[in-house]
Amino acid sequence: VMAIGVASIVEPMWVIDTASLREAADKLLTNPQVMAVRISESRPQAQAIVRARSGVPTTLVEENSAALEHRFKSVTRGGETLGQLHVWFDANHGKRLLAQRRNQMLLLVVVQVLFSMAVLLMVLARRVLNPIERLKDQATALVLDVGSAATMSWRRHDELGQLGRHLGKVQSQ
């Protein structure tokens, strides 16, 4: 940010274009972590250009505040110092972004876990609970001597299908 800021004001300082300096200061403030900007020229009687976000005093009394981080860089061209660029950054900007990303990741993990649980429950119901319910119906039909137990077909090749076929053989005997 500092390098871009210096590059954008070196030419306007060289040709003494105050309007372009103000535009450059305003453009630096569009960065979300920049809280205030002061451009001061080395030439005599040059007024410093000060821009600040709302809530930050233009007098920059809070320059030593823990919430603002102050950086400055000299503006030079051809070895001649034209002025200085002072920028105050929001020291907590990165922390807020990290906290926001952490919350988004937590939400994503919760959604993934809930979706995975829903899929696993559907698979469990389809592959285990429904066949157990059919086995229970088949065993009930066997005890009550209802003839519908022999008509149940078991195409599964696992333990539940094997148990269902054995119950069908018992019913037919």
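Warm-up: His 166 counts as partly exposed because its relative accessibility is 42%, where buried is under 20% relative accessible area, exposed over 50% and partly exposed in between (1.4 Å probe, protein chains only). This is a predicted model, in which local features need pLDDT of at least 70, side-chain atom pairs count only at pLDDT 80 or more, and totals for chains, interfaces and linings use all residues. Residues are numbered from 1 along each chain as its sequence is written, and side-chain values use heavy atoms, without hydrogens or water.

**Exercise 1. Place His 166 in the model and relate it to Trp 154.**

Step 1: Find the element. His 166 belongs to helix α4; helices (H or I, at least four residues) and strands (E, at least two) are DSSP runs numbered from the N terminus.
Step 2: Compare sequence and space. Trp 154 is 12 residues from His 166 along the sequence, and their C-alpha atoms are 9.9 Å apart.

**Exercise 2. How do helices α3 and α4 pack, and which residues meet?**

Step 1: Take the geometry. Helix α3 covers residues 93-143 and helix α4 residues 159-172; their axes lie 10 Å apart at an angle of about 10 degrees. Axes are lines fitted to C-alpha atoms, for helices over the stretch in contact, with angles from 0 to 180 degrees between N-to-C directions.
Step 2: Classify the angle. The two helices are therefore roughly parallel (under 35 degrees; over 145 is roughly antiparallel).
Step 3: Look at the residues. From α3 come Arg 127, Val 128, Pro 131, Ile 132, Leu 135, Gln 138, Ala 139, Ala 141 and Leu 142. Their partners in α4 are Leu 160, Leu 163, Gly 164, Leu 167, Gly 168, Val 170 and Gln 171.

**Exercise 3. Describe in the same way how α1 and α2 cross.**

Step 1: Helix α1 spans residues 2-14 and helix α2 residues 18-28; the axes come within 9 Å and cross at roughly 170 degrees.
Step 2: Because of that crossing, α1 is roughly antiparallel to α2.
Step 3: On the α1 side, Gly 5, Ser 8, Ile 9, Pro 12 and Met 13 make the contact (heavy atoms within 4.5 Å). On the α2 side, Ser 20, Leu 21, Ala 24 and Leu 28 do so.

**Exercise 4. Which residues of α2 are buried, and which are exposed on the other side?**

Step 1: Leu 21, Ala 24, Ala 25 and Leu 28 are the buried residues of α2.
Step 2: These four lie on the same side of α2 because they cover an arc of only 100 degrees around the axis, taken from the directions from the helix axis to the C-beta atoms.
Step 3: Their packing partners are α1, β1 (34-41), β2 (49-52) and β4.
Step 4: Turn to the other side of α2, where Glu 23 and Lys 27 are exposed. Glu 23 has 56% relative accessibility. Its C-alpha atom and that of Ser 8, 15 residues apart along the chain, are separated by 9.6 Å.

**Exercise 5. Work out the surroundings of Glu 41 and His 86.**

Step 1: Glu 41 sits in strand β1, and it is buried, with a relative accessible area of 13%.
Step 2: Beyond neighbours within four places in sequence, Glu 41 contacts Met 13, Leu 21, Ala 46, Leu 82 and Gly 83.
Step 3: His 86 is part of strand β4 (residues 80-90) and counts as buried at 8% relative accessibility.
Step 4: Not counting residues up to four places away in sequence, His 86 touches Ala 36, Val 37, Arg 38, Ser 40, His 70, Arg 71 and Phe 72.

How values were computed
Angles under 35 degrees count as roughly parallel, over 145 as roughly antiparallel, 65 to 115 as roughly perpendicular and the rest as oblique.
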